[in-house]
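Please look through the sequence and the model below before reading on. The explanation that follows is meant to be read with both in view.

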Amino acid sequence: MSNDSRQLSTVLHELKNPILAIERLSDILLENDQDFSSDTKRKIELIHTSAKEASSYLEDLDFSSPPVLADDFSFAPVDVSALAERVVESFQPHAEYKDQTLRRAEFADEAMVVGDEVRLLEAMKNIVNNALKYSPRGETVDVQVQKTEAEVRFSVSDSGPGLSEDDLDRLFKPFQRLGQQPTDGEVSLGLGLYLVSEIISRHDGEVDVETEKGRGSIFTLILPAASVSANHQ
């Protein structure tokens, strides 16, 4: 597969989050449709149906080799807490749809790193999406941003099924689906954590996983703090 094709597969993978948001928002609107005219309700139903079809198309895609990230990363000072606020807001419809609580546990002030804002947002969204995707209805997912002089940590903890040893061995490899299945029919292409690992590696960071079978998981993106990263460069 050419680099262009593999970059296309990356883009297609990242389409699943906004498509899922459209699907969940339209679900919520349809559940509260008493104030809508029949024409408006029909249009919302069409939006919902189209989003579900798009999700189905993405799930059916098959790529023969791992996607590659383009080399056009643009590094600048980025506040991870500000990005985390955007991530939590964007996934509230998904959490609401599954009767889950997506909670802002602790966000450090000015948690600055030097990074590509778009790519970091992509990685953070993938981590939150996975936590919601694999957690049962009614559960709580906590998002936290901490900082020290040396590093900034973006953590997402859930009380889902946790990961087996076999899952941990395959976690960051492309096209590897975990033993657990999404709890509400969400799309899983087996690429999200692979892309997270690639993005964080480009930022000289690492991904830490704490998990216990049956007791949930904590995924943490660890990035050099802005001063450390600037000195490194």
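The paragraphs below go from the sheet to the helices on it, then to the nonpolar core and finally to one loop residue.

The model is a predicted one, and a convenient place to enter it is an open sheet of 5 strands, which has the order S2-S4-S5-S7-S6 and mixed pairing. Its edge strands are S2 and S6 (206-211), each of which pairs on one side only, and neighbouring strands are turned against each other by 15° on average when direction is ignored. Within this sheet, S4 and S5 pair in the antiparallel sense over 6 bridges, and Lys147 stands opposite Val152 in S5.

Helix H5 packs on the sheet, where it touches S2, S4, S5 and S7, and its direction makes about 25° with that of S5. H7 also packs on the sheet, touching S6 and S7, with a direction that makes about 25° with that of S7.

Turning to H5 itself, the helix runs over residues 117-134, and because each of its 18 residues is reckoned at 1.5 Å, the expected span is 26 Å, which agrees with the 26 Å between its end C-alpha atoms. At the start of H5, a side-chain oxygen of Asp116 comes to within 3.1 Å of the backbone nitrogen of Val118. The helix is mostly covered, since 15 of its 18 residues are buried.

The largest nonpolar core comprises 36 residues, and those with the most contacts inside it are Val80, Leu102, Val128, Phe154, Ile200 and Leu221. Two or more residues each are given to this core by helix H4 (80-97), S2, H5, strand S4 (140-147), strand S5 (151-158), helix H7 (192-202) and strand S7 (217-224), and H5 gives the most, with 8 residues. Leu221 can be followed individually: setting aside residues up to four places away in sequence, Leu221 touches Ala123, Met124, Ile127, Val152, Arg153, Phe154, Val196, Ile200, Glu206 and Val207.

A last stop is Ala111, which lies in the loop between strand S2 (101-107) and strand S3 (112-115). Is this loop residue buried or exposed? Ala111 has a relative accessible area of 0% and therefore counts as buried, the cut-off for that being under 20%. Beyond its neighbours within four places in sequence, Ala111 is in contact with Val78, Asp79, Val80, Ser81, Val145, Lys147 and Val152. Ala111 and Ala225, although 114 residues apart in sequence, are 7.6 Å apart in space, C-alpha to C-alpha.

Definitions and conventions:
Residues numbered from 1 in each chain as written. Predicted model: local features only at pLDDT ≥ 70, side-chain atom pairs only at ≥ 80, totals over all residues. Heavy atoms only, no water. Helix = DSSP H or I, 4+ residues; strand = E, 2+ residues; numbered from the N terminus. Buried < 20%, exposed > 50% of the residue type's maximum accessible area, 1.4 Å probe, protein only. Contact = heavy atoms within 4.5 Å. Expected span 1.5 Å × (residues − 1). Polar contact = N/O pair within 3.5 Å; in protein donor to acceptor, adjacent residues only side chain to side chain. Core = buried A, V, L, I, M, F, W, Y, C linked by side-chain atoms within 4.5 Å. Pairing = 2+ DSSP bridges. Axes fitted to C-alpha atoms, helices over the stretch in contact; angles between N-to-C directions.
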